[in-house]
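This briefing introduces a protein to a reader who is beginning the study of structure. Please keep the sequence and the model in view while reading the points that follow.

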Amino acid sequence: MPPQPSPKLRAAQGQSIVEWIETSYDKLDRTRPQDPGRVTARRLSRYEYSNSVRDLLGFDMQPSEALPPDPYGYGFDNIGDVLSMNFALTELYLKAAERIAQSAIPIDEQPEPPVMKRYLAERIGQGRQLHLRIDHSFPVDGVETA
């Protein structure tokens, strides 16, 4: 059987209850110890990583498929104490990030790798003077600046 209806609070009564809660909370907050405990730095789980890439870049490429399954702690896969990083996992995350960057920033044509060319200088004349004349053709035009 439901309880009998009680009379509604007046506005002043409701305001006094709200003030009592706020002052009690403020007093408790000022008097309790300020030690938050140990804070664990954690990485994103596989699914959080994929969702972040999708939300930030706008395409769903599922980078988590190349990552190993996340360990579970207390039935959850996003607990900071469980989500640790080792060298091998760091390498996998870096490879996934490279694939993401290549997809996000397409390059139409791959630039040719730089070429190193060595020129041999000849000593001309007497003493320590060194005179050089080198003719070289550059495959790319430069930009003239004033």
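Helices are DSSP runs of H or I with at least four residues, strands are DSSP runs of E with at least two, and both are numbered from the N terminus. The model discussed here is predicted. With that definition in hand, tyrosine 74 can be placed in the loop between H2 and H3. The protein as a whole has three helices and zero strands, and its pattern along the sequence is α-α-α.

**Overall features**

- Of the 146 residues in the protein, 12% are buried.
- The exposed surface of the protein amounts to about 13,800 Å², and carbon and sulfur atoms supply 56% of it.
- When contacts between residues at least 6 apart in sequence are considered, 53% of them join residues at least 24 apart.

**Helix H2**

- Helix H2 spans residues 46–57.
- H2 contains twelve residues and reaches 17 Å from its first C-alpha to its last, which is close to the 16 Å expected at 1.5 Å a residue.
- Which residues of H2 are buried? They are Arg46, Tyr49, Ser50 and Val53.
- These buried residues lie on the same side of H2, because they cover an arc of only 95 degrees around the axis.
- The buried residues of H2 pack against helix H3, which comprises residues 87–104.
- On the other side of H2, Asp55 and Leu56 are exposed.

**The nonpolar core**

- The largest nonpolar core consists of seven residues, namely Tyr49, Val53, Leu67, Leu89, Tyr93, Ala96 and Ile100.
- H2 and H3 each supply at least two residues of this core.
- H3 gives the most to this core, with four residues.
- Leucine 89, one of the core residues, also touches Arg43, Pro68 and Ser84 when residues up to four places away in sequence are not counted.

**Arginine 43**

- Arginine 43 is located in the loop between helix H1 (11–31) and helix H2 (46–57).
- Is arginine 43 buried or exposed? Its relative accessibility is 11%, so arginine 43 counts as buried, given that buried means under 20%.
- The side chain of arginine 43 makes a polar contact of 3.1 Å with the side chain of aspartate 70.
- Another polar contact, of 3.0 Å, joins the side chains of arginine 43 and tyrosine 93.
- Tyrosine 93 is also listed in the largest nonpolar core.
- Apart from its neighbours within four places in sequence, arginine 43 is in contact with Glu48, Asp70, Pro71, Leu83, Ser84, Met85, Leu89 and Tyr93.

**Serine 84**

- Serine 84 belongs to the loop between H2 and H3.
- With a relative accessible area of 48%, serine 84 is partly exposed.
- Serine 84 touches Arg43 and Leu89, with residues up to four places away in sequence not counted.
- Although serine 84 and arginine 42 are 42 residues apart in sequence, their C-alpha atoms are 6.9 Å apart in space.

**Positive phi angles in the loop between H2 and H3**

- Most residues other than glycine have a negative phi.
- Glutamine 62 is not a glycine, and yet its phi is positive, at about 50 degrees.
- Glutamine 62 lies in the loop between H2 and H3 and is partly exposed, with a relative accessible area of 31%.
- Tyrosine 74, likewise not a glycine, has a positive phi of about 60 degrees.
- Tyrosine 74 has a relative accessibility of 78% and therefore counts as exposed, since exposed means over 50%.
- Glycine 58 follows H2 and has a positive phi, near 85 degrees.

**Glycine 58**

- Where is glycine 58 found? This residue is in the loop between H2 and H3.
- Glycine 58 counts as exposed, because its relative accessibility is 64% and exposed means over 50%.
- Glycine 58 and alanine 104 are 46 residues apart along the chain, and their C-alpha atoms are separated by 9.3 Å.

Note on methods: Residues numbered from 1 in each chain as written. Predicted model: local features only at pLDDT ≥ 70, side-chain atom pairs only at ≥ 80, totals over all residues. Heavy atoms only, no water. Buried < 20%, exposed > 50% of the residue type's maximum accessible area, 1.4 Å probe, protein only. Polar contact = N/O pair within 3.5 Å; in protein donor to acceptor, adjacent residues only side chain to side chain. Contact = heavy atoms within 4.5 Å. Expected span 1.5 Å × (residues − 1). Arc of directions from axis to C-beta. Areas by Shrake-Rupley, 256 points an atom, 1.4 Å probe, with all protein chains shown as cover. Core = buried A, V, L, I, M, F, W, Y, C linked by side-chain atoms within 4.5 Å.
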